[in-house]
Amino acid sequence: MTLPNFAFFKGRIVPYGEAKVGVLTHALNYGTAVFGGLRGYWNDKEGQLFMFRPNDHYRRFLESAGLLLMKFPYSEEKLTEFTIELLRAEKFRTDCYIRPLAFYGDEIIGVRLHDLNPEFTVMAIPFGQYVENEEGSHVTVSSWRRIDDNMIPARGKISGAYVNSAFIKTDAQRSGFDEAIVLNQDGHVAEGSAENLFIVRKGVLCTPPVTDNILEGITRRTVMMLLKEEMGVEVVERPIDRTELYLAEEIFFCGTGVQIAAITKVDHRPIGSGQLGPITAKLRKIYFDVVRGNNPKYREFCVPVYKK
Ligand SMILES: Cc1ncc(COP(=O)(O)O)c(C=O)c1O
């Protein structure tokens, strides 16, 4: 992976190599950090880079930070401005991935959340696909369980909690699958290692509710909106059983990284026809148009980086 050229660090843009922390840093030792993940989409026709829903991403970011008792003097709009400054410095003319991080930077021993000093940093890299088989991935149901709200809240993007995702992902890939779906403590379907999930069951679109230990995904919200507005389909938020996965007509993951990726096989069982299904295919087309700024109806979600 190419490293970024710059980072926004300690209140200003610095060369990436200068954005350094000491090894005793609290967040590095105890996972006391929260992060975000945004995409920038290059629109060649307009010569413009669009960030997708940055204010919504930063609202969730600040909420995640709040769960760890971090207070920042910045609004989501201000964080979006810092990010625009960074992307202009990088001069990207390509799709990119943006990684904001809020972390306890204190170099001390002692696990806690109080009386610590949060810091904010953001960096970005050129980025394409997150998964290889976006039109037909083979996933497994993980033997790991999703973290529970009263262990580490899954609704926030808390760095330490991603060790759970790392177990899920590595075991799936080392067993030859593209990804895994993880169940929560009740045995209901939660999500992927870094993706929300939708199924089509008897013609009805279903997704786990936000109370089933999922990350409250921005793409999940976008997908629900697009299904309703553009395809006239209402999504039912309800608990999903493991065996409903095997009987589903279609399943797809969604998330900033994965975008919208079809799951065509679960644990060696073909889903529906075993090929990219019609709802997922149509939704992918609509989604890619929207995020790149090509659909005027949703243009307000696409924040331009460069001055025109
Ligand atoms: C665990 C988890 N679920 C779901 C998602 C999708 O969230 P979003 O659509 O906000 O990117 C992510 C993405 O980062 C994630 O880490």
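Mentor: Before we start on this predicted model, keep in mind that contact here means heavy atoms within 4.5 Å.

Trainee: Okay, so what does Ile 98 touch, leaving out residues up to four places away in sequence?

Mentor: Ile 98 touches Gly 36, Gly 37, Leu 38, Arg 39 and Gly 40, along with Met 51, Thr 83, Leu 87, Val 122, Met 123 and Ala 124, once residues up to four places away in sequence are set aside.

Trainee: And which residues touch the most other members of the largest nonpolar core?

Mentor: That core has 32 residues, and Leu 49, Leu 87, Ile 98 and Phe 120 are the ones that touch the most other members.

Trainee: Which helix or strand gives the most to it?

Mentor: Helix H3 does, with 5 residues, while a second, separate core of 23 residues includes Leu 205, Met 224, Leu 226 and Ile 286.

Trainee: Switching to the helices, how do H2 and H3 cross?

Mentor: Their axes come within 8 Å and cross at roughly 115°, and the crossing of H2 past H3 is right-handed.

Trainee: Which residues meet there?

Mentor: From H2 there are Pro 54, Asn 55, Tyr 58, Arg 59, Phe 61 and Leu 62, and they meet Glu 76, Glu 77, Leu 79, Thr 80 and Thr 83 of H3; by class, this contact has 5 nonpolar, 3 polar and 3 charged residues.

Trainee: Last one, is Glu 244 buried or exposed?

Mentor: Glu 244, which is found in helix H6, counts as buried because its relative accessible area is 11%, and the cut-off for buried is under 20%.

Trainee: What does Glu 244 touch, again without residues up to four places away in sequence?

Mentor: On that basis, Glu 244 touches Ile 199, Arg 201, Arg 238 and Pro 239.

Key: Residues are numbered from 1 along each chain as its sequence is written. This is a predicted model: local features need pLDDT of at least 70, side-chain atom pairs count only at pLDDT 80 or more; totals for chains, interfaces and linings use all residues. Side-chain values use heavy atoms; hydrogens and water are left out. Helices (H or I, at least four residues) and strands (E, at least two) are DSSP runs, numbered from the N terminus. Buried means under 20% relative accessible area, exposed over 50%, partly exposed in between (1.4 Å probe, protein chains only). A nonpolar core is a set of buried Ala, Val, Leu, Ile, Met, Phe, Trp, Tyr and Cys residues joined through side-chain atoms within 4.5 Å. Axes are lines fitted to C-alpha atoms, for helices over the stretch in contact, and angles run from 0 to 180 degrees between N-to-C directions. A crossing is left-handed if the near helix is turned anticlockwise from the far one by less than a right angle, and right-handed if clockwise. Ala, Val, Leu, Ile, Met, Phe, Trp, Tyr, Cys and Pro count as nonpolar, Asp, Glu, Lys and Arg as charged, and the others, Gly among them, as polar.
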